[in-house]
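Got your viewer open? Here is a short walk through the model, one selection at a time.

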Amino acid sequence: MKIGNYRIGMRTLKTGIAVGLCILLFHILDREPPMIAALAAVFGLREDWQTSLKFGKTRILGNSIGAIFAAMLVVIQQFTGWPFWIELIGVPLGVILIIIFCDLTNYNAGIIGANAAFLIIYFTIPMDETVIYALARVLDTFIGTFIAILVNRLIPGGPKPSDKLQP
């Protein structure tokens, strides 16, 4: 589809559909805001469903790592009673440790996703729901990734660049 000088491709439309389905599902299920699921859908919708599946696995593992680190930091914060100092020192240290952990486990593809999840979960986690909240955000990633894969699988895409006729 072309609007003026801009082309809107199938991947763009499918991404919008996946985000809309996340919003609808979360509304129906009366869940927390669909931010993480919608982000997972945007990140997960790739050129085809196989690539979406591969990327989705990376995203889910990265989010799981970030959630674990965020939950651990909040527990330390609760235990010590020093919220500001743990945040000031712990968050940068958490980012460093996540990078080191991902590098040591040869999971460099997950560094950015793990740190994004860590920061989003840490800064939005209610103090009384540490582990439950972190697990819910990982579940949100599963939901958004699954929706992206499903949309990519069920809605046919347009021609790939290699399928177009050459002049």
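Which residues are linked in a network of salt bridges? Select Arg 31, Arg 137 and Asp 140: these are the linked residues. A salt bridge here is a side-chain nitrogen of Lys or Arg within 4 Å of a carboxyl oxygen of Asp or Glu.

Before zooming in, some ground rules. This is a predicted model, with local features needing pLDDT of at least 70 and side-chain atom pairs counting only at pLDDT 80 or more, while totals for chains, interfaces and linings use all residues. Residues are numbered from 1 along each chain as its sequence is written, and side-chain values use heavy atoms, with hydrogens and water left out.

**The whole chain**

Switch to cartoon and colour by secondary structure. You should find six helices and two strands, in the order β-β-α-α-α-α-α-α from the N terminus. Both kinds of element are DSSP runs numbered from the N terminus: helices are H or I with at least four residues, strands E with at least two. The C-alpha atoms fill a box of roughly 65 × 40 × 30 Å along the principal axes.

Now put a surface on it. The accessible area is about 10300 Å², and 72% of that belongs to carbon and sulfur atoms (Shrake-Rupley method, 1.4 Å probe; for residues, only the protein chains shown count as cover). Of the 167 residues, 38% count as buried, where buried means under 20% relative accessible area, exposed over 50%, and partly exposed in between (1.4 Å probe, protein chains only).

**The annotated spans**

Next, select residues 60-76, 82-100, 107-125 and 131-151, which an unreviewed UniProt entry lists as "transmembrane region". Such annotations may be inferred rather than shown by experiment. Residues 60-76 are 100% helix, with end C-alpha atoms 24 Å apart. Residues 131-151 are also 100% helix, and there the end C-alpha atoms lie 30 Å apart.

**Back to the network**

Show sticks for Asp 140, in helix H6 (residues 130-154). Its side chain meets Arg 31 in a salt bridge at 2.3 Å, N to O. Arg 31 sits in the loop between H1 and H2, so the pair ties together parts that are 109 residues apart in sequence. The two ends differ in cover: Asp 140 is buried at 0% relative accessible area, whereas Arg 31 is partly exposed at 25%.

Asp 140 also meets Arg 137 in a salt bridge, at 2.7 Å, N to O. Both lie in helix H6, three residues apart, about one turn of the helix, and both are buried.

**Another bridge to select**

How many salt bridges does a search of the whole structure find? The search finds three. One of them joins the side chains of Arg 11 and Glu 47 at 3.8 Å, N to O. Arg 11 is in helix H1 (residues 10-29), and Glu 47 is in the loop between helix H2 (35-44) and helix H3 (49-80), 36 residues apart. Arg 11 is partly exposed at 40%, and so is Glu 47 at 49%.

**Last stop: Arg 59**

Finish with Arg 59 in helix H3. Arg 59 is buried yet has no salt bridge; the nearest side chain of opposite charge, Asp 140, is 11 Å away. For charge, Lys and Arg count as positive and Asp and Glu as negative; His and the chain ends are not counted. Leaving aside neighbours within four places in sequence, Arg 59 is in contact (heavy atoms within 4.5 Å) with Leu 39, Ala 40, Phe 43, Tyr 107, Gly 113 and Thr 141.
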